[in-house]
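Subject: Structure handover

Hello,

Here is the structure we talked about handing over. Please keep it open while you read the notes beneath it.

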Amino acid sequence: MDEFEAQTLNYMRRYEMLQTGDTVIAALSGGADSVALFRVLAAAAPRLGICLRAAHVNHGMRGAQADADEAFVRDLCRKLEIALDVEHLAAPQKASEEWAREKRYSFFERISAEHSAKIVTAHTANDNAETVLFRLARGTAVRGAAGIPPVRGVFCRPILWAERKDVLAYLERCGQNYVTDQTNETDAYARNRIRHGALPSLAAAHEGAVRNIAHFAAEMADVNAFLDSQAQSLLKQAEAKPKLPSAAAVQRYDAQMIAQAPCAVQKAALRMLIAQAAVQQKTSLVPNAQKLLYQKNGVLPLGKGVCLAVRQGLLGIEREAAKSAEPWEHPMKSGYFQAPDGLFYKVSLINYEKNMNYAKDARKHLNFYADYAKMQGYPIFRTRKAKDRYRPMGRGISKTLKDFFTEQKVPQQIRDKVPVLAAGHEILWIAGFGFAQGYAPDDATKIAVTIQPQQTEE
């Protein structure tokens, strides 16, 4: 077995990339790196017990040359008797490298799902070094300095260990030709300028530059994994119990607890929260997010309709509430109903005298039972309206519902989804807070009302 093949198989075993019975799709551009990986996998497929396929993307950006590359790939797959999937794209004017990459990976993910397959790409140590240098120049943190991961989801990179010179030497020993993408020779792209300028200069200063950058990236990957585990533990400890049992409730965290964590762990936790917002990771957001931790109330916009916010010392991701086309209402009656917060609620009428034998039990459940006879008019379940007022139990005061929600730290984006029981603008009950003052059962109560949230309708 050739040394290049042996090292590639050892690298795959180290990261448990492939298992017996896997369907594996090799991303095959026709370039030196992809052809070398394809040759290794084709030779080893029977021994590995895998079903090998190939995939090629003709981006439609280089005219006749792109068609010639496709023809080369088709011929190679035909000779090795490997099934091939080809995607033809219609490139827009001034198509960017980023556009091509996005379309390429979209195609790979689609055929991965179609064949229940893993995708192998031919990234090398040189590609990894270019990526690390580019990210450092642009601005990055530990995660970015970790470079290209050997495995991420369905994508595997079996020759990430190898330098470009290793690839070319292997192809020469095999007598295998390949195609050359002329756009790789131009300095129009930033990565090409790093490839043609920065890396050769570093290699001239130190012969092992590429491999050493790869080792640095691997160390940063280990550091990043450690920080992620610490950040997850921190967020778990800092979780605040939500005020409402709402399926739409925002998870919030004790901002002070996060602020007191070691700086590196604190930053990792904030990056995790920003990532949960489904916005592109931007290191520049983290310093501003750190400042937010020391505010009692504050907002950091992350993107359209989403922000990181601190409300009375609690940190969380907030999104703009979708406006309901129609106001929600439900009649007050026994049984189940589903509210806009996503939960089912069960309304029960019970014999109070029979079910509440002891005064201490009555006091314990005071907020969650109401005297049915005290409910005048025709109360209905609905969402909030302007001018609504609520008398919190045991407070002896009346507050606007807006002020009460603010006082209780109810997130803005779920306030329009919280179900209430109302008679006109008088709020009799609020999900998560119970009944208003003045409706508690007493010695004369015969029938009591309970309203309890359920995870699903029974």
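The notes below go from the chain as a whole to one sheet, the helices beside it and a few single residues.

Please bear in mind that this is a predicted model.

Overall figures

The protein chain has 15 helices and 22 strands. It is 458 residues long, and 45% of those residues count as buried. The exposed surface of the protein chain comes to about 24,000 Å², with carbon and sulfur atoms supplying 50% of it. Among contacts in the protein chain with a separation of 6 or more, 69% are between residues 24 or more positions apart.

The sheet

One open sheet has 6 strands in the order β3-β2-β1-β4-β6-β5, and its pairing is mixed. Its edge strands, each paired on one side only, are β3 (83–88) and β5 (151–152).

Strand β1 (residues 23–27) has a parallel neighbour in β4 (residues 117–120), and 4 bridges join the two. In that pairing, Ile25 stands opposite Ile119 of β4. β1 also runs parallel to β2, to which 5 bridges join it. There, Ala26 has Ala54 in β2 as its bridge partner. As for cover, 7 of the 8 residues of β2 are buried.

Helix α2 and its neighbours

Helix α2 (residues 32–48) lies across β1, β2 (51–58) and β4. Relative to β2, α2 runs at about 160 degrees.

How does α2 cross helix α3 (residues 64–80)? Their axes come within 12 Å and cross at roughly 15 degrees. The cut-off for roughly parallel is under 35 degrees, so α2 and α3 are roughly parallel to each other. Their crossing is right-handed. On the α2 side the residues that meet α3 are Val35, Phe38, Arg39 and Ala42, and on the α3 side they are Phe72, Leu76, Cys77 and Leu80.

The axes of α2 and helix α7 (residues 164–174) come within 9 Å, with a crossing angle of roughly 60 degrees. That angle makes α2 oblique to α7. The crossing of α2 and α7 is left-handed. From α2, the contacts with α7 involve Ala32, Asp33, Val35, Ala36, Arg39 and Val40. From α7, they involve Arg164, Val167, Leu168, Tyr170, Leu171 and Cys174. Val35 and Arg39 of α2 appear both in the contacts with α3 and in those with α7.

Single residues

Is Asp228, in helix α9 (residues 209–238), buried or exposed? Its relative accessible area is 16%, and the cut-off for buried is under 20%, so Asp228 is buried. Leaving aside residues up to four places away in sequence, Asp228 touches Arg143 and Met272.

Two backbone angles are listed here as well. Most residues other than glycine have a negative phi. Glu16, in the loop between α1 (3–14) and β1, has a positive phi near 50 degrees. Ser116 is not a glycine either, and its phi is positive at about 50 degrees. Ser116 lies in the loop between α4 (97–115) and β4. Exposed means over 50% relative accessible area, so Glu16 at 61% counts as exposed. Ser116, at 67% relative accessibility, counts as exposed too.

Regards

Note on methods:
Residues are numbered from 1 along each chain as its sequence is written. This is a predicted model: local features need pLDDT of at least 70, side-chain atom pairs count only at pLDDT 80 or more; totals for chains, interfaces and linings use all residues. Side-chain values use heavy atoms; hydrogens and water are left out. Two strands pair if DSSP finds at least two bridges between them. Contact means heavy atoms within 4.5 Å. Axes are lines fitted to C-alpha atoms, for helices over the stretch in contact, and angles run from 0 to 180 degrees between N-to-C directions. Buried means under 20% relative accessible area, exposed over 50%, partly exposed in between (1.4 Å probe, protein chains only). Accessible areas come from the Shrake-Rupley method with a 1.4 Å probe; for residues, only the protein chains shown count as cover. Angles under 35 degrees count as roughly parallel, over 145 as roughly antiparallel, 65 to 115 as roughly perpendicular and the rest as oblique. A crossing is left-handed if the near helix is turned anticlockwise from the far one by less than a right angle, and right-handed if clockwise.
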